[in-house]
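Colleague: Before I set anything up, could we go through this model together, one question at a time?

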Amino acid sequence: MSKYEVVIGMEVHTELLTQTKQFCGCRNEPLDPPNTHVCPVCLGFPGSLPVLNAKSVDLSLRAALAFAPN
Ligand SMILES: [Zn+2]
């Protein structure tokens, strides 16, 4: 008998169906060429302030609840 308990977690990455990106108002078009829809926020320019996409929070919480154990 071990004094340690094995705890296994899972990290899931998904692509949400939002009109805009997670932290700015740039269009979310995954099939367009890379760096097509960019702004100072998603480019990480100093002084730019991210704004959280409310729809992504809603969809993320729905997914978390769907996968949560009883
Ligand atoms: Zn952007």
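Colleague: Is Asn-35 buried or exposed, and what is its relative accessible area?

Modeller: Bear in mind that this is a predicted model. Asn-35 lies in the segment before H1, and its phi is positive, about 60°, although the residue is not a glycine. Exposed means over 50% relative accessible area, and Asn-35 is exposed, with a value of 67%.

Colleague: Which residues coordinate the zinc ion?

Modeller: The donor residues are spaced along the sequence as C-x1-C-x12-C-x2-C, which is a pattern of cysteines. The donor atoms are SG atoms, and they sit at 2.2 to 2.4 Å from the zinc ion. The residues are Cys-24, Cys-26, Cys-39 and Cys-42.

Colleague: What is the geometry of the site of the zinc ion?

Modeller: The site has four donor atoms, with angles of 99 to 117° among them. Four donors count as tetrahedral if all angles lie between 85 and 135 degrees, so the site of the zinc ion is tetrahedral.

Colleague: How many residues apart in sequence are the parts that the pair Cys-24 and Cys-42 ties together?

Modeller: Both Cys-24 and Cys-42 coordinate the zinc ion through SG. Cys-24 lies in the segment before helix H1 (54–67), and Cys-42 is likewise in the segment before H1. The pair therefore ties together parts whose separation in sequence is 18 residues.

Colleague: Cys-24 and Cys-42 both serve as donors, but which is buried, and at what relative accessible area?

Modeller: Buried means under 20% relative accessible area, and partly exposed is the range between that and 50%. Cys-42, at 34% relative accessibility, counts as partly exposed. The buried residue is Cys-24, with a relative accessible area of 10%.

Colleague: Which residues are linked in a network of salt bridges?

Modeller: A search of the whole structure finds three salt bridges. In one of them the side chains of Glu-29 and Arg-27 meet at 3.7 Å, N to O, and in another the side chains of Arg-27 and Asp-32 meet at 4.0 Å, N to O. Arg-27 takes part in both of these pairs, and the network links Arg-27, Glu-29 and Asp-32.

Colleague: Taking Arg-27 on its own, what is its relative accessibility?

Modeller: Its salt-bridge partner Glu-29 is partly exposed, with a relative accessible area of 37%, and its other partner Asp-32 is partly exposed as well, at 29%. Arg-27 also counts as partly exposed, and its relative accessibility is 45%.

Colleague: At what distance does a polar contact join the side chains of Asp-32 and His-37?

Modeller: Asp-32 is placed in the segment before H1. Leaving aside residues up to four places away in sequence, Asp-32 touches Arg-27 and His-37. The contact with Arg-27 includes a salt bridge, while the side chains of Asp-32 and His-37 are joined by a polar contact of 2.6 Å.

Colleague: How far apart are the C-alpha atoms of Asp-32 and Ser-48?

Modeller: Asp-32 and Ser-48 are 16 residues apart along the chain. The separation of their C-alpha atoms is 24 Å.

Colleague: Where do Arg-62 and Asp-58 lie, and what is the N to O distance of their salt bridge?

Modeller: Both residues lie in helix H1, four residues apart, which is about one turn of the helix. Arg-62 counts as exposed at 55% relative accessibility, whereas Asp-58 is partly exposed at 31%. Their side chains meet in a salt bridge with an N to O distance of 3.2 Å.

Colleague: Is Ser-56 buried or exposed, and what is its relative accessible area?

Modeller: Ser-56 is found in helix H1, and a polar atom of its side chain lies 2.6 Å from the backbone oxygen of Asn-53. Not counting residues up to four places away in sequence, Ser-56 touches Leu-16, Thr-18 and Gln-22. Ser-56 is buried, and its relative accessible area is 1%.

Colleague: Which residues does Thr-18 touch, not counting those up to four places away in sequence?

Modeller: Thr-18 is found in the segment before H1, and at 11% relative accessibility it counts as buried. Ser-56, which has Thr-18 among its contacts, belongs to helix H1. The residues that Thr-18 touches, with that exclusion, are Asn-28, Asn-53, Lys-55, Ser-56 and Leu-59.

Definitions and conventions: Residues are numbered from 1 along each chain as its sequence is written. This is a predicted model: local features need pLDDT of at least 70, side-chain atom pairs count only at pLDDT 80 or more; totals for chains, interfaces and linings use all residues. Side-chain values use heavy atoms; hydrogens and water are left out. Donors are N, O and S atoms within 2.8 Å of the metal (3.2 Å for Na, K and Ca); water is not among the atoms, so sites may look incomplete. Four donors count as tetrahedral if all angles lie between 85 and 135 degrees; four count as square planar and six as octahedral if opposite donors are over 155 degrees apart and all others between 65 and 115; anything else is irregular. Helices (H or I, at least four residues) and strands (E, at least two) are DSSP runs, numbered from the N terminus. Buried means under 20% relative accessible area, exposed over 50%, partly exposed in between (1.4 Å probe, protein chains only). Contact means heavy atoms within 4.5 Å. A polar contact is a pair of N or O atoms within 3.5 Å; within protein, one must be able to donate a hydrogen and the other to accept it, and residues adjacent in sequence count only if both atoms are side-chain atoms.
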